[in-house]
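Here are my notes from going through this model, in the order I'd raise them over coffee. Have the viewer open while you read.

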Amino acid sequence: MGWIYAIGFLAQLFFSARIVVQWILSERAHRIVSPSAYWICSLAGSWLLFLYGWLRDDFAIILGQLISYYIYLWNLNLKGVYRKMPVLLRTVLLVTPVVAVAAIAGHAGRFVENFLQNDEIPLGLLLFGSLGQTIFSLRFIYQWIYSARHGESSLPAGFWVMSLVGSAMIVCYGAIRLDPVLILGQSFGFAAYARNLFIGYKSRHEKI
């Protein structure tokens with residue numbers, strides 16, 4: 001179990017790094033920015049957390065990664081970073097979730113038994129955790145739609161509101177499950193999410 005937690009903590013390290021980098025660069029620019037490093041760290045953390053959720057038999061974690069993974073790639077492509085990666089790396093990154101989903105589909109009975117009928121996680125708690133992960137991940141769909149409409153990778157105010165709500169639910173889920181990876185990883189982001197909302201609010205009013 002120790003090495004499984006190590007994977008989870010490494011994933012959270014990447015997620016924490018993205019928050020710190022984005023926060024620092026936004027403070028310097030006095031506006032909300034969307035740096036390439038944010039999306040690179042997001043992609044690395046998502047890949048590892050997907051693996052962590054699989055090893056932990058935790059459907060809520062896996063669901064969250066499936067929703068946001070390709071949006072990370074989309075943002076990197078929009079910034080021109082994805083196209084500069086080696087072909088082999090791009091291929092691996094592109095097909096990893098597809099292979100994982102195919103593996104799940106090939107073992108549907110085992111999937112239901114391990115994830116949706118897990119005796120260690122009551123159905124109500126699983127649904128609550130999944131909802132938190134869904135809200136937390138849907139922020140990237142919102143970000144994707146917003147960025148596509150504006151023609152550039154952006155992190156709008158609604159993204160940070162959804163971050164706060166989803167993160168709060170995931171922390172509660174992690175506390176009930178006694179999962180230190182989820183608790184520490186999500187708690188770290190609270191200040192950054194709130195600060196970005198303030199920076200965005202201040203930046204908008206300075207333009208008026």
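1. Is Ser-42 buried or exposed? Ser-42 is buried, because its relative accessible area is 0% and the cut-off for buried is under 20%. Keep in mind that this is a predicted model, so treat everything below as computed from that prediction.

2. Staying with that serine: Ser-42 sits in helix 2. A polar atom of the Ser-42 side chain comes 2.6 Å from the backbone oxygen of Tyr-38. Leaving out residues up to four places away in sequence, Ser-42 touches Phe-15, Arg-18 and Tyr-72.

3. Zooming out for a moment, the protein chain has nine helices and zero strands. Read along the sequence, the pattern is α-α-α-α-α-α-α-α-α. Of the 208 residues in the chain, 46% are buried. Among the contacts with a separation of 6 or more, 74% are between residues 24 or more positions apart.

4. Next, the holes. Rolling a probe the size of a water molecule over the atoms shows where empty space is left. How many cavities of 30 Å³ or more does the structure hold? There are three of them, and the largest has a volume of about 170 Å³. It is lined by 18 residues, and those closest to its centre are Phe-15, Arg-18, Leu-49, Phe-136 and Gln-186. Two of these names will look familiar: Phe-15 and Arg-18 are also touched by Ser-42.

5. Which elements build the wall of the largest cavity? Helix 1 (2-29), helix 3 (59-78), helix 6 (123-150) and helix 8 (180-187) each supply at least two lining residues. By class, the lining of the largest cavity splits into seven nonpolar, nine polar and two charged residues.

6. The second largest cavity has a volume of about 50 Å³. Its lining consists of Ser-46, Trp-47, Phe-50, Gln-65, Leu-66, Tyr-69, Thr-96 and Pro-97. Helix 2 (36-55), helix 3 and helix 4 (87-106) are the elements that give two or more residues to this lining. In the second largest cavity, the lining residues come out as five nonpolar, three polar and no charged.

7. Tyr-69, one of the residues lining the second largest cavity, deserves its own look. Tyr-69 is found in helix 3 and is buried, since its relative accessible area of 4% falls under the 20% cut-off. Not counting residues up to four places away in sequence, Tyr-69 touches Leu-43, Ser-46, Trp-47, Leu-93, Thr-96 and Pro-97. Of these contacts, Ser-46, Trp-47, Thr-96 and Pro-97 also appear in the lining of the second largest cavity. The C-alpha atoms of Tyr-69 and Leu-43 are separated by 6.6 Å, although the two are 26 residues apart along the chain.

8. Last, the cysteines. A disulfide is a covalent bond between the sulfur atoms of two cysteines. How many disulfides does the model have? With a cut-off of 2.5 Å between the sulfur atoms, the count is zero. As for surroundings, Cys-41 is buried, because its relative accessible area of 15% is under 20%. Cys-172 is partly exposed, because its 42% lies between the 20% and 50% cut-offs.

Notes:
Residues numbered from 1 in each chain as written. Predicted model: local features only at pLDDT ≥ 70, side-chain atom pairs only at ≥ 80, totals over all residues. Heavy atoms only, no water. Buried < 20%, exposed > 50% of the residue type's maximum accessible area, 1.4 Å probe, protein only. 1 Å grid on protein atoms, 1.4 Å probe; cavity = no way out; pocket = protein on both sides within 12 Å on 5 of 7 lines; lining within 4 Å. Points joined across faces, edges and corners; volume = space filled by probe spheres on them. Helix = DSSP H or I, 4+ residues; strand = E, 2+ residues; numbered from the N terminus. Nonpolar A, V, L, I, M, F, W, Y, C, P; charged D, E, K, R; others polar. Polar contact = N/O pair within 3.5 Å; in protein donor to acceptor, adjacent residues only side chain to side chain. Contact = heavy atoms within 4.5 Å.
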